[in-house]
Amino acid sequence: MNFNEKLRILRKQSKFSQEQLAEKINVSRQAITKWETDGGLPDIENLLAISALFSISLDDLLSEEKLIRTVVDYTYESITEYDISCPSHFDIHAPGALEVYITTANDEKLRVRLASNVLQTLPQDYKVKIDEHRNRLDVDIRRIGKNSEAEGKEALSIYISLPAKYSDNVELSVIADILRISRISFPLELDGKVRKVFLEEVKSIVALNCNVDMDIHTDKLPSAIEINQINATSVLHIPSGAKYYTKIKGKTNQIRFAVEGQASQYHADADAENRIELAGLNAELLIDRMAM
């Protein structure tokens, strides 16, 4: 399946006409027609806009296998939308899930999409409650039906799209196998347990308070990655050319270094602007430079 077929599937599943899709991402209808008839590919800005609109990562959008799994094969889903009118702090609580994906869009809506191929009563068993208090929004994704927490961890995917211009910062509480954070330019703090973390086009501070071993991947370093763990060992994969300095809080914590998975000497830069910080107790972090 080529990109043109994927885009057409995404548009039709969302019940958009070509004109409506063009309006949402600020391009001409002719551009949509061109892309859907395999006349060319969007530039990176438009790819990012499409990714945000349909709440999937660029990796999912451009990968045939992942698109089939993530978009085409979802049998059950529930979508909640909420209009935002001012800069807000988001406090998000989610149930146990297989995957949680957070991104931003260039509109004024909070969107929460719950999806699964297995949970047949998903729309009845999960509800999204939103409480607004001045400049704060509490987003509580609740499991209220028969499905167990264990079933959610194996089969529930949660996609959250935030309005870029109205997002000040995010606190996220979740237990999941995978957390994907994409196109975020404001602070985000995780409290919970996540095995794999993917940071894509993240610019601001990301704080990961998580007492399980994590495998963290980033396409570029955000301004700071703060990792707070107790009795855990995690790996942070960074681009080979990334410059950063390290900070350790706590005498029993340790940072080690590697290149392509092989142990190496210290390769941080005390004069760099980006920070990698390790805090907690008896925690160990391996910073692995990867060719990208």
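Leu110 touches Thr80, Glu81, Tyr82, Ile84, Ile130, Leu137, Val139, Ile160, Ser161, Leu162 and Pro163, when residues up to four places away in sequence are not counted. The structure described here is a predicted model. Leu110 and Ile158 are the residues with the most contacts inside the largest nonpolar core, which has 58 residues. Strand S8 gives the most to this core, with 6 residues. A second core, separate from the largest one, has 18 residues and includes Leu7, Leu21, Ala22 and Ile50.

Ile50, one of the residues of this second core, is also among the buried residues of helix H4. The helix spans residues 44-53, and 8 of its 10 residues are buried, so that H4 is largely enclosed by the rest of the structure. The buried residues are Asn46, Leu47, Leu48, Ala49, Ile50, Ser51, Ala52 and Leu53. Asn46, which lies in this helix, counts as buried because its relative accessibility is 16%, and the cut-off for a buried residue is under 20%. With its neighbours within four places in sequence left aside, Asn46 is in contact with Ile25, Val27 and Trp35. Just after H4, Ser55 takes a positive phi of about 55°.

Helix H4 also takes part in the second largest pocket, to whose lining it gives the most, with 5 residues. The space in this pocket comes to about 250 Å³. The pocket is lined by 13 residues, of which Lys24, Ile25, Ala49, Ala105 and Asn106 are the closest to its centre. Sorted by class, the lining has 6 nonpolar, 2 polar and 5 charged residues. Ile25, one of the residues closest to the centre of the pocket, is also one of the contacts of Asn46, and Ala49, likewise among those closest to the centre, is one of the buried residues of H4.

Positive phi values were also found in loops. Most residues other than glycine have a negative phi. Asn26, although it is not a glycine, has a positive phi of about 60°. This residue lies in the loop between helix H2 (18-24) and helix H3 (29-36), and Asn26 counts as exposed because its relative accessibility is 70%. Arg134, also a residue other than glycine, has a positive phi near 55°. Its place is in the loop between strand S5 (126-133) and strand S6 (136-143), and with a relative accessibility of 79% Arg134 counts as exposed.

Three further loop residues, Lys165, Asn253 and Asp269, were examined through their surroundings. Lys165 is found in the loop that joins strand S7 (157-163) to strand S8 (167-182), the latter being the strand that gives the most to the largest nonpolar core. Lys165 counts as exposed, because its relative accessibility is 54% and the cut-off for an exposed residue is over 50%. The side chain of Lys165 is joined to that of Glu108 by a polar contact of 3.1 Å. Between the C-alpha atoms of Lys165 and Cys86, which are 79 residues apart along the chain, the separation is 8.6 Å.

Asn253, in the loop between strand S14 (245-248) and strand S15 (254-259), is buried, with a relative accessible area of 7%. A polar atom of the Asn253 side chain lies 2.6 Å from the backbone oxygen of Lys249, and a polar atom of this side chain lies 3.2 Å from the backbone oxygen of Gly280. Apart from its neighbours within four places in sequence, Asn253 is in contact with Ile248, Leu278, Ala279, Gly280, Leu281, Asn282 and Ala283, so that Gly280 appears both in this list and as a partner of the side chain.

Asp269 is located in the loop between strand S16 (262-263) and strand S17 (275-281). With a relative accessible area of 28%, Asp269 is partly exposed. Its side chain reaches the backbone nitrogen of Asp271 at 3.0 Å, while its contacts, leaving aside neighbours within four places in sequence, are with Lys243, Tyr244 and Tyr245. The C-alpha atoms of Asp269 and Ala164 are separated by 31 Å, and the two residues are 105 residues apart along the chain.

Definitions and conventions:
Residues numbered from 1 in each chain as written. Predicted model: local features only at pLDDT ≥ 70, side-chain atom pairs only at ≥ 80, totals over all residues. Heavy atoms only, no water. Helix = DSSP H or I, 4+ residues; strand = E, 2+ residues; numbered from the N terminus. Buried < 20%, exposed > 50% of the residue type's maximum accessible area, 1.4 Å probe, protein only. Polar contact = N/O pair within 3.5 Å; in protein donor to acceptor, adjacent residues only side chain to side chain. 1 Å grid on protein atoms, 1.4 Å probe; cavity = no way out; pocket = protein on both sides within 12 Å on 5 of 7 lines; lining within 4 Å. Points joined across faces, edges and corners; volume = space filled by probe spheres on them. Nonpolar A, V, L, I, M, F, W, Y, C, P; charged D, E, K, R; others polar. Core = buried A, V, L, I, M, F, W, Y, C linked by side-chain atoms within 4.5 Å. Contact = heavy atoms within 4.5 Å.
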